[in-house]
Amino acid sequence: CMQDPQYLGLASYSISDIQLNSSSDGSGAASQARLNLTSDSWVPASDDLYPWLEVDFMMRTKVREILSQGRDHEDNWVTSYSVSYSSDGKTFQDYTEYNKVKVFSGNYDRSSIVRHVLTRIIFTNRIRIYPKTWTTNAGLRLEFAGCNFGCIYPNALGMEAGHIEDSQISDSSSWKYDHAAFYGRLKSHGSWIPGVSEGDDFVTVDFLHTTLLTGIAIQGGFLVDSFVTDFKISLKSGDSGFTPYQENGAQKVFLRHAEANTTVSYRFPLILVVNSIRVTPLSWNGTKPAMRLEFMGCYEDTDVCDSSPCQNNGTCNDHFTTYNFFNCTCADGYTGRFCETECLDARPLGMSGGQIKDDQITASSTYDSQAVAPAGRVNASAVRRSGGWVAAKNDGKQWFQVDFLVNATVASILTQGRDNYSHWVETYQMSYSNDGISFRDYNEGGITKIFNGNSDRDTVVWNTLYPRVFTRFVRIHPKICHDNCSLRAEFLGCYKVIPSRCLNPIALGMENKQIKDHQITASSELYDAKYRDRCAAANGRANATIFSRYSTWIALLTDHEMWFEVDFLYNTTVKEIMTQGRQHYDQWVKFYKVTYRNETDAEFHTYEMGDGLRDKVFKGNSDRNTIVGHALSPVIRLLVIRILPLSCNGPCALRAEFVGCYEDGDVCEPSPCLNNATCNDHFDFFNFFNCTCLGGYTGELCETEIDECLSYPCLNNGTCNDFVDFYNCTCTINYHGTNCQYEVIWPIANFSVPFIPAQLFGQNISTIWDMDQGSYVTVEVYYNEMLCCSRFLNRQLNHVGSQCNCSISDPALFDPDGVVDFRIYAYNNVSNVTVTLEVEVLKLIENVGISALTSFANWGIGVEGTGSQKNVFPTEYPVKLSAIFDGGPASIVNWTFSCTVSPSIPDENELSVDKTFPSDIAQLCDITLVLTNNISTDSASTTIDLKESIIFTSFTYDGPLKPNQTMTFTLSFEKFGQGTCVVLDMGDNSSLLVFGEASCKTKFDVSQVNPNIVEEPLSTFYERTPETSAITIEHEFPGVGAYAVKMSAANLLANVTESLVAVVIPFVCKYPNITIT
């Protein structure tokens, strides 16, 4: 069942509908919970919050595997579940692993079969599945793999072989110690005899677990003529008491009429399910009843580790072949069958006492031929050797090694210096190994321990290890030495206990196929034309049946030196040989011999009688199926055994089993594991191995490559490519990642923004772009570094354009120069692009006007002209012309001039210009201004009147003079412009003198100039000629005195005043250069 579990019958309908039950049935009944059933599955009721499905196997069954599917035609499946089991259908026990209720992962689709191999076989009559989580509905189809357990081939239950322990056998009383209950074993060199013989004495055997009992065998006493002639039995099952065994409604009395050493067997008509049996003698031959017993039947596979028999944190390993048994894997520092022996009494391991031999002590180097490693024993003297091991160098790299040959618990290290020189090790490290190759530094608290060594030659320094080490090899590494590194050492601890004989024999593996087919050979094999290999040697296994088609080994009829051979591969102790005939024909071996060889023998040895003269002839079989066993005394330690048939009933047909103990061998040499897997050698009654596979392989021998693509790891239509221990995904163009789980973010390629023409401020400005490639792109448009619009493109783009409308209407954000910096920033997670543009954002040019101001004039600078139109300007100085307008700005400025005299005045193209005209020409000029930008044009015009102004040079006279002399006054002008009027008040209240054009004659009110002029004519007019640049006036003053002469010249452009004092004196100064103060 362990090696070859079979489907238990849900899919094949071997399990009938009535064996299926559930907490509820919804759209699918419990009877439909069958693997690969296409019509439906079990589905519990929708309101069943704690559903379960139960299978009643109707017999004791070993469940090794659980297989599950979802519902065939709908997406309903169980995603996790737990399991419980029961022998009586009333009390169910949860299936656990590592002391926790195991929750199994369920299905992930409708049809895939999810298989779970149980780490602990469930031995039960009923099993329940409890869905924990599921999709919409808990659809479930099931199958179980394992084997139904009956007792088709009963075996001796272990009284004779010792599998039934002494502690399991008790009695009402015993006569002497050597007649205690545990001597009541079939073929024992002793027997049970009760202390009193009153008819109610008994022997009780406790099988410990539920056992299927098919018969009983009984002998009388050993070396005494006493035997039981009739007896009865009582049976105990579960917690109930002993019940008398009955047949046909009455207690059964078993009759025995044979001599003491004859074995009499009884077979029960029905298989009895018991935990214990009690045998009570009723009558006997001799003074006291004497019995030796055996029981036939089958044990059930139970968890013998449930009671935790291993002590001191040892691990219990549960086994079942014919019998339930276990062994313990002990924690470091413990040994014994139950790990009961601790290394409490640490003793010297043999350096000083010599138990550790010289060849077990080695070193990295030696100083000379006397200072060898075996000299490094505590208290060794220099009589024969150098008084200690001495390393060849003192370089911190030397080591001293001891091989204990077996694992030992090392509790303390003792060291000395050199006996005959002042050489010793002051500090050292220690390492240890189980194979002599890979060494591990000894640590305390995770730090390599530095041990304090010696400070003189002879004092023994003791270092205790916390924690202890359990190892085979120990090395001491000197670090600091006094002169040469020299050492004498001892170790305290305990050796691992190694059994020296086969105390717990087991079936060596013919029946359970622990012995493989290739280990079984024969001198010949009968050829069966119908079934090839039907009679092969590999079929000669105890209890092989016709149902397997291959049920026995049969030799050729012409083979007169036939043999049947089993190679155990490793040294093995054989204590018993068991044989059967052919299961379905009357063919068997009646007598045979045995030969064997061990690993050192080239020839086979014949097993003898023990007298050194005769070969042992074993009595074989007398029917087809009865197992005939022979205990070997002495036992044989061998590698290969042969059975040599001597006499047969019909063709020589044989099925065999051997009982004994394997020795630990290296099953990994050579390694059976494939594909570079690591072979792990184990010994647990049998030699066996398992393979640690490299990633990507599975199977018992790592022979099967794992298809990593079966789980469909590649997403988004990616293609899975399977390799050894890994896979990769070929993704579609838009996805990437280990499992194609990430969408490709395509980088931006060839992003461009076309020219943006001039735009009207306040309206939408469309920014258009194009790109050859890009996905999940954000485009942001900045207006003078202010974000004005953005777009997110959440799809893959290829040669796709788009746009964003930017609207800025806040007057405060208008750029006066009309040029705006547009920055278009496009980005995604893997790329970014920036495009910058200068865009004219303009206003309409409106309300154009012209400002004409003076650049210089007597009446001011930067002021309007004169005249009623404020448009009269002097020709001598530039006119400041400026454009006045709303909106804009203007990109083109054009001033044009049309004057009445000057035929050609150059145009101007600045918004503000100091325009110079001919300085000597008075004329009218029409000025036109045109302002243009890329969205509008506007104009304005005006006229200016250019006239010459007055440029006065001097005002002189030829005085002072005497009375009655005529004075000459001279007025000089550089420029005497058109319309200039000059008024001269001589300061003596005489007539006001007026010079200029005719219009000047009436322009002056004499009373306003000098109200003291009252005589006619009040004014005298002198007309100016065009050539006039100076005015000469002769005037005679009425008398001596000083006269304030005032001159005023004015036109539309200028107003000049000047004055001087004319002096009339009564005499002439002869010394004009003398100044009197």
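**Exercise 1. Establish which cysteine partners Cys305, and describe the link between the two residues.**

In this predicted model, the sulfur of Cys305 is 1.9 Å from that of Cys316, and the two residues are joined by a disulfide. The next step is the handedness: the angle about the S-S bond is -75°, which makes the link of Cys305 and Cys316 left-handed. Turning to the location, Cys305 sits in the loop between strand 20 (292-299) and strand 21 (315-320), while Cys316 belongs to strand 21, so the disulfide ties together parts that are 11 residues apart in sequence. As for exposure, a residue counts as buried under 20% relative accessible area, and Cys305, with a value of 15%, is therefore buried. A search of the whole structure finds 13 disulfides.

**Exercise 2. Determine the handedness of the links Cys788-Cys806 and Cys899-Cys925, and then place the cysteines of the second link in their strands.**

Begin with Cys788 and Cys806, whose sulfur atoms are 1.9 Å apart in a disulfide. The angle about this S-S bond is -130°, and the link is left-handed; both Cys788 and Cys806 are buried.

Continue with Cys899 and Cys925, which form a disulfide with an S to S distance of 1.8 Å. Here the angle about the S-S bond is 110°, and the link of Cys899 and Cys925 is right-handed. Cys899 lies in strand 60 (residues 892-899) and Cys925 in strand 63 (residues 923-933), so this pair ties together parts that are 26 residues apart in sequence. Cys899 is buried, with a relative accessible area of 13%, and Cys925 is also counted as buried, at 0% relative accessibility.

A cysteine without such a link completes the exercise: Cys535 is in no disulfide, and the nearest cysteine sulfur, which belongs to Cys652, is 13 Å away. Cys535 nevertheless counts as buried, at 2% relative accessibility.

**Exercise 3. Work out the strand order of the sheet that contains strands 60 and 63, and identify its edges.**

The sheet is open and consists of 5 strands in the order 58-64-63-60-61, with mixed pairing. Strand 58 (872-874) and strand 61 (905-908) are the edge strands, since each of them pairs on one side only. Neighbouring strands of the sheet are turned against each other by 30° on average, with direction ignored. At one end of the order, strand 60 and strand 61 run antiparallel and are joined by 2 bridges, and Phe897 has Ile905 of strand 61 as its bridge partner.

**Exercise 4. Carry out the analysis for the sheet with the order 69-68-67-71-72.**

This sheet is likewise open, with 5 strands and mixed pairing. Strand 69 (1019-1023) and strand 72 (1055-1064) stand at the edges with a single partner strand each, so one side of each has no neighbour in the sheet. From one strand to the next, the twist averages 15°. Within the sheet, strand 67 (residues 981-985) pairs with strand 68 (residues 992-996) in the antiparallel sense over 4 bridges, and Cys981 stands opposite Gly996 in strand 68.

**Exercise 5. Find the residues with the most contacts inside the largest nonpolar core, and trace the elements that supply the core.**

The largest nonpolar core has 34 residues, and those with the most contacts inside it are Phe564, Phe568, Ile577 and Phe658. Two or more residues each are given to this core by strand 37 (520-522), strand 39 (564-580), strand 40 (588-597), strand 43 (628-649) and strand 44 (653-662). Strand 43 provides the largest share, 6 residues. For Phe658, the contacts beyond four places in sequence include Ile506, Leu508, Met510, Val566, Phe568, Ile577, Ile641 and Ile643. Another core, of 32 residues, lies apart from the largest one and has Leu157, Ile218, Leu235 and Ala258 among its members.

**Exercise 6. Decide whether the protein is as spread out as a compact globule or more so.**

Start from the secondary structure, which comes to 1 helix and 72 strands. The radius of gyration is 65 Å, whereas the globule rule gives 31 Å for 1077 residues, so the protein is more spread out than a compact globule. The C-alpha trace spans about 210 × 95 × 60 Å along its principal axes. Of the 1077 residues, 46% count as buried. Finally, among contacts with a separation of 6 or more, 68% are between residues 24 or more positions apart.

Technical notes. Residues numbered from 1 in each chain as written. Predicted model: local features only at pLDDT ≥ 70, side-chain atom pairs only at ≥ 80, totals over all residues. Heavy atoms only, no water. Disulfide = S-S within 2.5 Å. Buried < 20%, exposed > 50% of the residue type's maximum accessible area, 1.4 Å probe, protein only. Pairing = 2+ DSSP bridges. Axes fitted to C-alpha atoms, helices over the stretch in contact; angles between N-to-C directions. Core = buried A, V, L, I, M, F, W, Y, C linked by side-chain atoms within 4.5 Å. Contact = heavy atoms within 4.5 Å. Rg over C-alpha atoms; globule rule 2.2 N^0.38 Å.
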